[in-house]
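This report concerns a single protein chain. Please look through the sequence and the structure before reading on.

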Amino acid sequence: ANDTLGILIDGIYTKRDTTTNHVNIPGWEGSTHLWSCQKVGNTCPPPDSNGNAVYTGTESIAWYPQQFNGEQQQTTEKRIDGRLAFQWHPTEKILLTLDDNYERQDIVTNSYGFGVWFNLGEFRNVQQDSNGTIVNFVDIGSSQENYPGDVMDLNSGITRSLFTTNQIGLNLDVAANDNLSYNIDVAYAKSKQSPNGNGFDGADIGYGKGLGCNEGVVLTGDSSSNLPQLNAFGPNCNKALALDPASIGSHVLVRTRQENTDTVKQGKFIVSWKQDGVKVDLGASYVSDEFSLQNSNTFANNFWQTFSGYGAPSGRSTGIGPLPTSLYKGTIGTSGFINGFSGSEGLLPNLLVYSPMDLYSYLQGLGNPQTKNIPGYNYGCCGTNYTGSIDLQLDPGSIQNIKEKTLSFFFKTNFDSALGSMPYHVSMGVRKERTTISSGGVGRVPTQLSFSPGDPTLLTTTFGPSQPLVTNSDYDFLLPSFDVKLDLTNSLHARLDASRTLTRAPVNFLTPVLNVGSLPRVGNLTANGGNPTLKPFLSDNIDIGLEWYYQDNSYAAIDYFSKKVTNFPVQGTQQQTINDVIDPSTTRKAIYTVSQRVNGPDARVSGLEAAWQHVFGNSGFGYQVNVTLVTTNKPYDRNDISQSGFAVTGLANSANFVGFYDKNGIEVRLAVNHRNEYLLQFGQGQNNSQFGAEPVFVNTSTVFDLSASYRISPQLNVFLEGSNLTNQTYSTHGRFDNQFLDAFDYGRRFTLGARFKL
C-alpha cells in the first residue's frame, strides 16, 4: 500500500510480592593451617603474654566456613513496560519505522536475619570428613581480648532498586528495484540504576564478648537436603534468650548507593541484492557502549563503625545498649524454614524484625558527639568526622568509566540448488570486527591496617591518596559462518552448521582499578581487580542434525554439536602483599587474596540433543520433549587444589517436557524442567581460599510450571500462570557436596491477569 501510516501502542504493568527464605554460608575457605592441637580430643596451649594464640603439633589441609547466615527477604516488584511505534509507507518501495521502548523496574526488599562470624585460628574440637571439610567445631573467640565465644548479629536491611531503560530506534527500508534494496537502522538506548539516589540501608545489632558463646557449625549431610546447624547460640549459650532485648546493642551501620549509567549507540547499513534464488547482503555496523559507575557508602568515611561494639550488655564501652524495645516490630519463625531441607532446628528459632531507618533515627537523635559526650560513641576508632548524621561518602575505588566501541563489516549470501533430486539451501558469510576499549577509574592503595575497637574481628583500612587510572586496549576477530540444509525427502531434512561466534565480557569487568576491600576482617583480606585487557571468548562451532516431519505440527529431531572454546573467562585469584602493609593480627605483611577475571585455556564441549513434538490430530492435545547430553574435555577435578585449575562452567545434562492443549480459545501448558548438578562459576561470596577461586555448584533440580489462558473475545484474553508448583528450592554447594553455600526457598508463584487490545 502507498502512503499508509500505522501506530502501535503497548503497555504492561506488573506487580509481584515475593517472600524468600535464605540460608547461607558465603564461602568455604581452603587452608593448610589447621593445627593438630585444634582437632577433637586435643588441646592448644593458652595464649602467650601478649594475648596471641599458640598452636602445637602439625598443620594440615582444611576447608572451613567464615560466616553463617539466615534471613527472610520480603520483596515487592513493580514494573512498567511500554512501547510506541510508528510505521509509514509513503510509497510501495519505502518503509520507515520509528519505535520507542521504555522499561521501569522498581524493587523494594526488606530483609531480616542473623549472622555469625568465625576465624579458623579460634577453632577447637574440630572434626573433618575424609575430604578435609570441617563438619563440626566450636569457635572460642578472640584470644587477643581473652574473652569466650563469638558475637551474634541480628541484621535488618532495606534495598530500594530502581532500573530504567529507554531505547529509541529508526529503521529505513528502501527497495531501489526488484533486485536491489537498502536498509539503514540506528538506535539509542540509555539504562540507569538508582537515578533517584536510593540503595541499601542496613544495620547489624546484637551481642558478644561478655555475652559471647562458643558457637560453631555442624554439617549433617548433603547440601541438597540438609541445612548447616549452629551447635550453640544465645547470650552465654542460653538459646531461650537469643532475642532478649536486654542483651541487644548497636553494632555496624551499612549504607550503600550504587549509581550506574549505560549508554549504547548503534548504527547499521545493509545493501541487499537478490536474483534467481540468490541473495547477497553487504554491510557495516557500529556499536558504542559507554558505562559509568560510582558507589557511595559508610565505609569510605568509616561512619559504619560509629556505634559499633554492642554496648554495656556485652561488657563493652562502645555501642549503645540495650536498645529501646520500641524499635522491635515482632519476629519471624524459622520452623521448616527451607522446604525439603532438614536442620531448621539449628537456626535461631525466630528472626528479629526492626527497621534500620528507625535505628538510624534513634542514634542520630543522641546528638553531635563532637559537641557533647555520648557514652557508647566510638571515639577511639573511626567516624571522628561524624556530627550526628549517618551520611554516605563517595568511594573513590568504585568509580568506573569504560568506553567500548566496535566497528564491523560483514558479507552474507543465501542460495538454493539441488544435489540430484535433493534440494538444498546454503547460507554462508563472514564478519570482521574490531573493538577498542578505554577503561578509566580511580586507584588507591592501603597504607595501614588497625584493629577496630568496636569489634576485634574487624580491621580498619587507611588509604593513601587517590589517583586516576586510564588503560587502552583493542582486539579484532574474523567470524565466518556456513549453514546448509539438505532435503533428503519431503519429510526428512539434514543440517550442517559451522561458525565462529564471539561473546564479550560485561563492561564492568574491564575496570583497571584494584579495589581493596573497605570491610576487612581478621583472616579475610581481599581485593577485587578488573581486567581492562580481558578478551572476549570465542567458540568454533559445528552442528550436524536430522529432522523428521512425519505429520502436520509433529516432528522428531536429533543434533550433534561440538564447540571449541578459547579465551573462556574465569575468576582467577592469587595471594599477594599490597604496599607492604602490616596485618596487626599476625604482625607480618598482610596477605591479600586478589580476585580478577582472566582468560582461561582452550576447552572443547560436545553433546547430543534430541527433540520430539507430537500433536494428536485435531484434538488440541500434544506434547514436546527435549533431552540434552553434554560433555567436555576440561571437567572440574574437585581434588585438584592447584590455583591454576580450570573447567568449563554451566554444563549439565537436562530434560524438558511440555504437555499442552490449544483449541477453542483455551490454552493450557504444563512444563517440567529437569537439570542435573552443574558448575556455575569460580569464586564464592567470601573468596579467601589458599587454593584459588573456589567453585560454586548448583544442585540438581526439577521444576513444574503451569500456564492457562482463555480468549473471551478477539480483544480480551484472561490468563493464569503458576511457577514452581511443587515448591522446589534452589541450592548450591562448594568443592564437595556437603560444603553448603546457599538454599533459597522462593515458594510457589501465581499470576492472574488480563490482556486487552484495541
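The text below treats the chain as a whole, then one of its sheets, and finally the surroundings of one aspartate.

**The chain as a whole**

The model is a predicted one. Its secondary structure amounts to 41 strands and 1 helix. Measured against the expectation for a compact globule, the overall dimensions agree: for 758 residues such a globule would have a radius of gyration near 27 Å, and the chain has 30 Å. The C-alpha trace extends over about 95 × 55 × 55 Å along its principal axes.

Of the 758 residues, 46% count as buried. The surface that the chain exposes comes to about 34700 Å², of which carbon and sulfur atoms supply 53%. Among contacts with a separation of 6 or more, 73% are made by residues 24 or more positions apart.

**An open sheet of four strands**

One open sheet consists of 4 strands in the order E23-E24-E30-E27, and its pairing is mixed. Its edges are formed by strand E23 (514-516) and strand E27 (569-576), each of which pairs on one side only. From one strand to the next, the twist averages 25 degrees.

At one end of this order, E23 pairs with strand E24 (residues 526-529) in the antiparallel sense, over 3 bridges. Within this pairing, Leu514 has Gly529 of E24 as its bridge partner.

**The surroundings of Asp201**

Asp201 lies in strand E10, which covers residues 200-207. Is this residue buried or exposed? Asp201 counts as buried because its relative accessibility is 1%, and the cut-off for a buried residue is under 20%.

The side chain of Asp201 takes part in polar contacts with the side chains of two arginines, Arg255 and Arg257. The distances are set out below.

| Side-chain pair | Polar contact |
|---|---|
| Asp201 and Arg255 | 2.6 Å |
| Asp201 and Arg257 | 3.1 Å |

Which residues does Asp201 touch, not counting residues up to four places away in sequence? Both arginines are included, together with Val254. Ser156, Gly157, Ile158 and Arg160 also touch Asp201, as do Pro356, Met357 and Tyr360.

In summary, Asp201 of strand E10 is a buried residue whose side chain is joined by polar contacts to Arg255 and Arg257.

How values were computed
Residues are numbered from 1 along each chain as its sequence is written. This is a predicted model: local features need pLDDT of at least 70, side-chain atom pairs count only at pLDDT 80 or more; totals for chains, interfaces and linings use all residues. Side-chain values use heavy atoms; hydrogens and water are left out. Two strands pair if DSSP finds at least two bridges between them. Helices (H or I, at least four residues) and strands (E, at least two) are DSSP runs, numbered from the N terminus. Axes are lines fitted to C-alpha atoms, for helices over the stretch in contact, and angles run from 0 to 180 degrees between N-to-C directions. The radius of gyration is taken over C-alpha atoms; the globule rule is 2.2 Å times the number of residues to the power 0.38. Buried means under 20% relative accessible area, exposed over 50%, partly exposed in between (1.4 Å probe, protein chains only). Contact means heavy atoms within 4.5 Å. Accessible areas come from the Shrake-Rupley method with a 1.4 Å probe; for residues, only the protein chains shown count as cover. A polar contact is a pair of N or O atoms within 3.5 Å; within protein, one must be able to donate a hydrogen and the other to accept it, and residues adjacent in sequence count only if both atoms are side-chain atoms.
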